[in-house]
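Subject: Structure for you to look through

Hello,

Here is the structure I said I would pass on. Please open it beside this message and follow along; my notes come after it.

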Amino acid sequence: MKGKFIVLEGPDRCGKSTQAKMLLNTLLEHGKDVLLTREPGGTDTAEKIRQIVLEPDLDVRPMAELFLYEASRAQHTQEKILPALEAGKIVICERYTMSTCAYQGYGRNIDLKMIETLNKIATLGLVPDLTLVFLMSDKYFTQRGEYLYSDRLEQEDISFRQKMRKGYIELTKKTKNAHLIDADKNIDVIQSEVVELLHKHKIID
Ligand code: TMP
């Protein structure tokens with residue numbers, strides 16, 4: 001693949017979107033051709049799937065939830081991510097396969113091996129060149145979300161969030177080119193750690 005695929009991961013409200021925008025600006029300043037996208041969603045069809053899967057008042061069973069995320073991913077990967085990578089772009093994606101392992105695997109106790117198989121099918125085998133996992137202390141989840149709308153996943157209880165958080169730590173350890181970033185730190189400190197990793201992985205000179 002000519003381009004590079006960077007994925008930002010982490011629990012809800014960990015500051016991923018802010019970091020994604022800062023990362024986009026850094027790469028643009030370095031003259032790179034960049035596409036910023038997200039999961040679930042990223043294309044018209046996948047954004048419709050996003051609405052269903054995150055709607056707080058809908059009854060969505062764990063297995064249906066898993067397949068909705070994978071359906072969104074299959075569409076997004078084929079329609080948008082792979083063509084951009086083939087055109088030599090750097091693709092920044094907020095969430096990808098690790099989210100499904102952390103939320104549906106660790107959070108919902110769905111078999112991880114099965115999720116990994118579905119991930120391979122939905123992605124056509126595409127794996128990130130770099131995964132940045134932002135992890136904050138749980139107290140910030142409540143603090144940062146006090147006045148925010150909560151989607152269906154954000155309404156899950158503390159035990160779900162703890163399992164998913166533990167999942168992120170274990171998944172980062174076993175995933176190639178994945179790095180854990182302490183999201184309790186100041187935004188600029190985090191950004192400079194991200195830039196260091198971009199150099200290390202030869203995404204910028
Ligand atoms: P976002 O709010 O970060 O865009 O993500 C939407 C929610 O979907 C978030 O709570 C995480 C969840 N999610 C999963 O449970 N499984 C997945 O595979 C993905 C991509 C997201």
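Q51 is exposed, because its relative accessible area is 56%, and a residue counts as exposed when that value is over 50%. Keep in mind from here on that this is a predicted model. Q51 sits in helix α2. Between Q51 and K21 there are 30 places in sequence and, from C-alpha to C-alpha, 23 Å in space.

K113 is another exposed residue, with a relative accessibility of 61%. Its place is in helix α5. K113 is 60 residues from V53 in sequence, and their C-alpha atoms are 22 Å apart.

T123 belongs to helix α5 as well, but T123 is buried, at a relative accessible area of 2%. What does T123 touch, leaving out residues up to four places away in sequence? The contacts are R73, T77, Y96 and T97. The side chain of T123 also comes to 3.4 Å from the backbone oxygen of K120.

Now the helices α3 and α4.

One of the contacts of T123 is T77, and T77 is where α3 bends, by about 50 degrees. How far apart should the ends of α3 be, at 1.5 Å a residue? The helix has 25 residues, so the expected span is 36 Å; the end C-alpha atoms are 34 Å apart, which agrees. After α3 comes G88, with a positive phi near 90 degrees.

Is α4 largely enclosed or not by the rest of the structure? It is largely enclosed, because 11 of its 11 residues are buried. Among them are T97, M98, T100, A102, Y103 and Q104. The buried residues of α4 pack against the helices α3, α5 and α7, and against the strands β1 (4–9), β4 and β5 (178–182). Just after α4, N109 has a positive phi of about 60 degrees.

Next, the cores. In soluble globular proteins, nonpolar side chains tend to be buried together.

The largest nonpolar core here has 23 residues, and those touching the most other members are M98, A102, Y103, L153, Y168 and L171. At least two residues each come from α2 (44–54), α3 (62–86), α4 (97–107), α5 (112–123), β4 (130–135) and α7 (158–174). With five residues, α4 gives the most to this core. Y103 can serve as an example: leaving out residues up to four places away in sequence, Y103 touches G10, P11, D12, R95, R108, L153, F160, M164 and Y168. There is also a second, separate core of 22 residues, which includes L27, I90, L130 and I190.

Then the ligand. Which residues are the closest to the ligand? They are D12, Y69, R95, T100 and Q104, out of 15 residues that surround the ligand. Three of the distances are worth looking up in the viewer:

- D12 has a polar side-chain atom 2.7 Å from an oxygen atom of the ligand.
- Y69 has a polar side-chain atom 2.8 Å from an oxygen atom of the ligand.
- Q104 has an N or O atom in its side chain 2.8 Å from a nitrogen atom of the ligand.

Two of the residues named here also came up earlier: D12 is among the contacts of Y103, and Q104 is one of the buried residues of α4.

Last, some points about the backbone. The peptide bond from E39 to P40 is cis, and its omega is near -10 degrees. P40 is in the loop between β2 (34–38) and α2.

R13 is not a glycine, yet its phi is positive, at about 65 degrees. R13 is in the loop that lies between β1 and α1 (16–29). Is R13 buried or exposed? R13 counts as buried, because its relative accessibility is 15% and the limit for buried is under 20%.

K202, a residue other than glycine, also has a positive phi, near 55 degrees. K202 is in the segment after α8 (187–200). At 69% relative accessibility, K202 counts as exposed, whereas R13 counts as buried.

Regards

Note on methods
Residues numbered from 1 in each chain as written. Predicted model: local features only at pLDDT ≥ 70, side-chain atom pairs only at ≥ 80, totals over all residues. Heavy atoms only, no water. Core = buried A, V, L, I, M, F, W, Y, C linked by side-chain atoms within 4.5 Å. Buried < 20%, exposed > 50% of the residue type's maximum accessible area, 1.4 Å probe, protein only. Helix = DSSP H or I, 4+ residues; strand = E, 2+ residues; numbered from the N terminus. Contact = heavy atoms within 4.5 Å. Expected span 1.5 Å × (residues − 1). Bend = angle between axes of the 7 residues up to and from the residue. Near = heavy atom within 4 Å. Polar contact = N/O pair within 3.5 Å; in protein donor to acceptor, adjacent residues only side chain to side chain.
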